[in-house]
Amino acid sequence: MRFTVIAFLLLSLSGLKNEAFSQYSAGKYRNMLDDGNIKPEFWQAKDNKNEIQVAFSGLFLFYKNFMSSQDLTVCTFTPSCSEYGILAIKHHGLIKGGLMTFDRLTRCNGLSPQKYEIDTKLRLLKDDPRNTFQVPIVSSLK
Amino acid sequence: MKPAIFLTLIISLAFTKANAQNLEQTFDFANSLFENKKYESAVEAYRRILFFDQENLYSPLIYKNIAESLYETGKPEEAAYYYELAYFSTENDTIKTELTLKRISCFLILKQPQYAQVELFNLPETLDSETRNLVTFYEALVYFAQGEYAQSETAFKSIATDTLVIESLFNKNAKIDRLNPKTAKVLSIIMPGLGQFYAGDVKNGINSLVLSGGLFFLGIRSAINNSLLDATISVLPWFQRYYTGGFKKAEVIAEAKIKERRYKVYNELLDQFE
Amino acid sequence: MKKTLLSILFSVFLISLQAQSDLFNLENSRKFGEYLLQSGQYQLAVKEFERVVFLDSIHEPSTINLLRSYRLAGNADDGLSRAAVLFPQPALISRNQAIEYSKLLLTTRNWDRANQFWSTQINLNGSDKVLFKTTENIFTDHFKEAKISIAEIKDTSSVIVESYRSLIDRAIDSPRKSPFLAGALSTAVPGLGKVYTGDWKDAIVSLIFTGGMAFQAVRNFNKHGINNYRPWVYTTIGAGFYLGNIFGSVKSAKDRNRKRINTIQHEASDLFNAYY
C-alpha cells in the first residue's frame, strides 16, 4: 500500500515536472554548442565492388585510423592523397589508379598552386580523380 | 428564353465563385492550413498572398503565421526574418514581446547567441512571471554559450526546481577548465602520447606513442646497423612528421575534449528543464 | 432584347472581375510562376507551371517556362521526359519551344536525340540548326567538324557566327603539347616530359623521388645483395614513381590541352547564352 502511494506520488511529481517545463522546449537547443566530435567519417572506403577494392579500402582505413589520425592536415590537396588513391583505384582500376596516385604524390608539393582550382572553405587545392572537367554549355541562370 | 439565360448566368456566376479563390479566400485557406498544422502547404499559400497583395492589406496579418510555419518546418533563419516583419507591423506590446521571444529562439537554434543577446535587450522591463522565467532560461543559455558561467548559473538556479543539481553540474563544468590544451601540447613534446593521455584520449595516446616510438626505434636501429645517412634519409622524415604531428594533434584533441565535455554538461543542464 | 444583351454583358464583366481576383486562375498562376522563376525558387516554379500546363497545355510561353524551371532546378533529365509527353511530335513545335528543348538536350549532352531533333525540326531556321550543331562540335572537341558546319552560314554580319568562327580558328591553330612526346621524354629521363609540358617544379620533385629511390636501391643491392628484402622495397617504390611519372607526364600534356580547350569552351558558352 505504502509503495503504491509513493509510486503514485512520484509519478504525479514527474508529470508535474514535465508540465512545468514544457514552456522552455529545451530539446530544441541541444545542438547550440559544438559537440567536439573531430572523428571524420571515411565514406571513400564504403561501397566496395570487388576484392581489390576491399583490400585497398582496408589499407586506406588502416592508414587513416592509425597514421593519418596522428597528424594534422599536411596534404595540399582536397581530396587528400590517400583519399585520391582510393577514389582513383575505385574509378579507374588498379593499374591506372595506382599510377595516378604515384603521380599525385609527386605533385603534392604546393609549388604550383596556380594550376588548380582552390576550395575556399578548406583552403586547399582541388584535385579530384573523378572530375571529368566538362564545361557547362547552357547557363544555369536563365 | 429570358429566364433561361438568367438562370445560366446565375449558375455560371455561382460556379466561378465556388471555384475562385481571391485574396481573402486564399488568406482563410492558408490560415486553416496553418491551424491544422499543415505548415509546408501554409507557407506556399502565404507566399502566394504576399506576392499578389499589392496594396499590403493582408501581408501584415500574415507575417506572424508564415514565420511560425517556417519555424515549425525547420527554417529558423527565414522565420527570424518574418518575425521581425511581424514585430514592426504590430502595435500590441504583448505580441511584440512574444515575437521577440520567438526570434531569440530562432537565433539560439541557429547557434547565434550573440544575436539572441541583442534581442534580449529588446524586451520590456515588466513581464508576467511565466514569460520572465522563459526569458531567464534564454539568458542562461546565452550566457552559457558565451562562456559566462557564473551568470548562467545564477539564471539557471532562479528557474530550476532543484538548485543542488544545477550547482553540482556547474561544479562539473568548472572542472573542465582545468584541462589546458597548451599543457597537453607540452606534455606530448616531452613524450609522444602523454598529452593525449592527459586529455583523456587513451586510444590516440597509445597510437601516438607506438607510432612515434616505433619510428624512433627504427631510426636508432638503422643508424647502428647501417649508417647515420640511412637513418636520416629513410626514417627521420617520418619520425619528424609524426612527432610534430603528434604534439600539435594533442592540442587539437584537448580542445575537442573540452568541447565534448562542455556539450555533455550543457545537455545535462537541459535535461533539468524537460 | 437590349436588356438581355446588357445583362449578359454585365454578367460577363462580373465574371471577369471574379476571375481577376482569383489567385489560382490561369493568368495569376502564370504571373506567380514567372515571379518564382525570376526569384530563383525553381522547385516551386516547377510545381506552379505543372499546374498551369495541366490547365492549359496549348499556351506556348507556359510550356517553355515549365521546361525552363525543370532545367534551372537542376532536373534537366526530368524536363526531357516531361517534354516527351508534352510534345508528342517534337518536329512540329514552335521555334521558341524548340530552342528551350534544345537547351535541355545540350544540358544533358544527349547528342543522339539532339541530332535527330535538329534534323527533323521544321520551325528552327537554318542558321539555328547550324549554330546548335556547331555548339555540339565545340563541346565535344570536334573543332574541324565545327569549322565545316559553321561555314554553311555565308552571312558575315552576325556577331555570334563571327565569334564562333574566330574561336574555332584559335582552337585549331593554337599550339598543342604532344602527350606521346611527353611520355617518351619522361621514359628517357624522369621528369623531362613535365619540363616539356611546363610543369618543371613537379618535374624536379619527380626526379628527386625517383632518383632517391634508385640511389637507395643501388646502395642496398651493393650492401645486402639480391636476397635481402630492403633493396626490393626501394626498387618497387622507385618503379612506381618512375611509371607514375610517365603516366603523369602524359596526363600533364593532356591537361594543358584540355585547359586551353576548356577556356575556349567557356567563351563559346558565354556567346551561346548571350544569343539564346
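**Notebook: the contact between chains A and B, and one helix of chain C**

Entry 1. I began with the contact between two chains and found that 41 residues of chain B touch 26 residues of chain A. I note here that the model is a predicted one. I then looked up the area that chain B and chain A bury between them: about 3400 Å², with 57% of it on carbon and sulfur atoms. On the side of chain B, I listed the residues that lose the most area to chain A, which are B:Tyr242, B:Tyr263 and B:Glu274. Together they account for 18% of what that side buries.

Entry 2. I next turned to the polar links. How many salt bridges are there between chain B and chain A? I recorded four. I looked up the pair A:Arg30 and B:Glu274, whose side chains form a salt bridge with an N to O distance of 2.9 Å. B:Glu274 had already appeared in my list of residues that lose the most area to chain A. For polar contacts between chain B and chain A, I recorded 16 residue pairs, both residues being at pLDDT 80 or more.

Entry 3. Which helices of chain B supply at least two residues each to the side that touches chain A? I noted helix 6 (93-109), helix 8 (129-145), helix 13 (202-225) and helix 15 (236-271). Helix 15 of chain B gives the most, with 17 residues. Sorted by class, this side of chain B holds 19 nonpolar, 11 polar and 11 charged residues.

Entry 4. I then examined chain A by itself. Its secondary structure consists of four helices and three strands, and along the sequence these follow the pattern α-α-β-α-α-β-β. Chain A has 142 residues, of which 37% are buried. Among the contacts in chain A with a separation of 6 or more, 57% are between residues 24 or more positions apart.

Entry 5. Last, I studied helix 7 of chain C, residues 111-120, in which C:Trp111, C:Ala114, C:Phe117 and C:Trp118 are buried. Why do these residues line one face of the helix? Viewed down the axis of helix 7 of chain C, the buried residues fall within an arc of 125°, and therefore they line one face. I recalled the general rule that an α-helix has 3.6 residues a turn, so residues three or four places apart point the same way. On the other side of helix 7 of chain C, I found C:Asp112, C:Gln116 and C:Ser119 exposed. The buried residues of this helix are covered by parts of chain C that include helix 6 (95-108) and helix 8 (126-139).

Technical notes: Residues are numbered from 1 along each chain as its sequence is written. Chains are lettered from A and ligands numbered from 1 in the order in which they are written. This is a predicted model: local features need pLDDT of at least 70, side-chain atom pairs count only at pLDDT 80 or more; totals for chains, interfaces and linings use all residues. Side-chain values use heavy atoms; hydrogens and water are left out. Buried means under 20% relative accessible area, exposed over 50%, partly exposed in between (1.4 Å probe, protein chains only). The arc is that of the directions from the helix axis to the C-beta atoms. Contact means heavy atoms within 4.5 Å. Buried area is the accessible area (1.4 Å probe) that two parts lose on being put together, summed over both. A polar contact is a pair of N or O atoms within 3.5 Å; within protein, one must be able to donate a hydrogen and the other to accept it, and residues adjacent in sequence count only if both atoms are side-chain atoms. Ala, Val, Leu, Ile, Met, Phe, Trp, Tyr, Cys and Pro count as nonpolar, Asp, Glu, Lys and Arg as charged, and the others, Gly among them, as polar.
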